[in-house]
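Okay, thanks for making time, everyone. I'll put the chain up on the screen and then talk through a few numbers.

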Amino acid sequence: MKITPLDIRQKRFDTALRGFSRREVEAYLELLAGEFEEVVKENISLKEELKRAQLRIEQYQERERTLQETMVTAQKISEDLKAASKKEAEIIIADAEHQAEKIVHGAHQKLVQVVEDINELKRQRTQFESQVRSVVEAHRKLLETFSGPTFADRDYARIEDNVAFLSQKKANGGE
């Protein structure tokens with residue numbers, strides 16, 4: 001069962017003889033609801049941020065796939081051009097060798113550029129993953145902070161004594 005801030009605010013307790021102070025209980029519930037509401041908002045914000053990060057990763061992966069396909073295509077084109085230049089070399093050997101050198105050089109430059117682009121995308125991806133990890137680590141530390149003992153946990157006995165004292169004082173007519 002999920003508890004919402006509204007559930008906390010609307011929670012009512014049965015009254016009993018010498019029960020808790022209604023005002024203190026309601027004030028504490030309101031404080032708890034406010035804190036819980038902030039946690040819920042932050043959780044929603046983190047989920048949205050994670051979705052955006054995942055979308056960017058998918059975009060980078062798609063770019064990487066496209067670049068890999070381009071590299072394969074460039075290699076295939078390079079091989080096709082080499083074969084064509086070989087046939088042409090049989091007709092005009094000197095002219096064909098000159099043309100083949102130009103084509104191979106251009107294909108190599110394209111391949112070098114594609115490899116550089118892939119390496120840059122990998123670097124960006126690594127940087128992005130590092131940023132996402134640091135955000136997740138910061139939020140994990142924040143969650144650990146919230147999971148520690150609260151004021152009420154540490155001082156529960158003292159609070160109980162104060163409530164008992166105030167209840168006794170009220171029962172004795174506010175002396």
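Let's start with one residue: Ala 16 counts as exposed because its relative accessibility is 56%. The cut-offs there are under 20% relative accessible area for buried, over 50% for exposed and partly exposed in between, with a 1.4 Å probe and protein chains only. Ala 16 sits in the loop between helix H1 (5-10) and H2. Its C-alpha is 52 Å from that of Ala 53, and those two residues are 37 apart along the chain.

Quick housekeeping: this is a predicted model, where local features need pLDDT of at least 70, side-chain atom pairs count only at pLDDT 80 or more, and totals for chains, interfaces and linings use all residues. Residues are numbered from 1 along each chain as its sequence is written, and side-chain values use heavy atoms, with hydrogens and water left out.

Now the overall build. We've got 5 helices and 0 strands, where helices (H or I, at least four residues) and strands (E, at least two) are DSSP runs numbered from the N terminus. So what does the radius of gyration say, given that the globule rule is 2.2 Å times the number of residues to the power 0.38, and the radius is taken over C-alpha atoms? The protein chain comes out at 35 Å, while a compact globule of 175 residues would be near 16 Å. The C-alpha box, along the principal axes, is roughly 120 × 25 × 15 Å. Buried residues are 11% of the 175 in the chain.

On contacts, meaning heavy atoms within 4.5 Å: take those between residues at least 6 apart in sequence, and 70% of them join residues at least 24 apart.

Last topic, the inside. How many cavities of 30 Å³ or more does the structure hold? Just 1, and the volume of the largest cavity is about 40 Å³. A cavity here is a set of points on a 1 Å grid over the protein atoms alone where a 1.4 Å probe fits but cannot get out, and lining residues have an atom within 4 Å of a point. Grid points are joined across faces, edges and corners, and the volume is the space filled by probe spheres set on the points.

The largest cavity is lined by Tyr 60, Glu 64, Leu 121, Lys 122 and Arg 125. Helix H2 (22-91) and helix H3 (93-147) each supply at least two lining residues, with H3 giving the most, 3 residues.

How values were computed: On a 1 Å grid over the protein atoms alone, a cavity is a set of points where a 1.4 Å probe fits but cannot get out, and a pocket is an open set with protein on both sides within 12 Å along at least five of seven lines; lining residues have an atom within 4 Å of a point.
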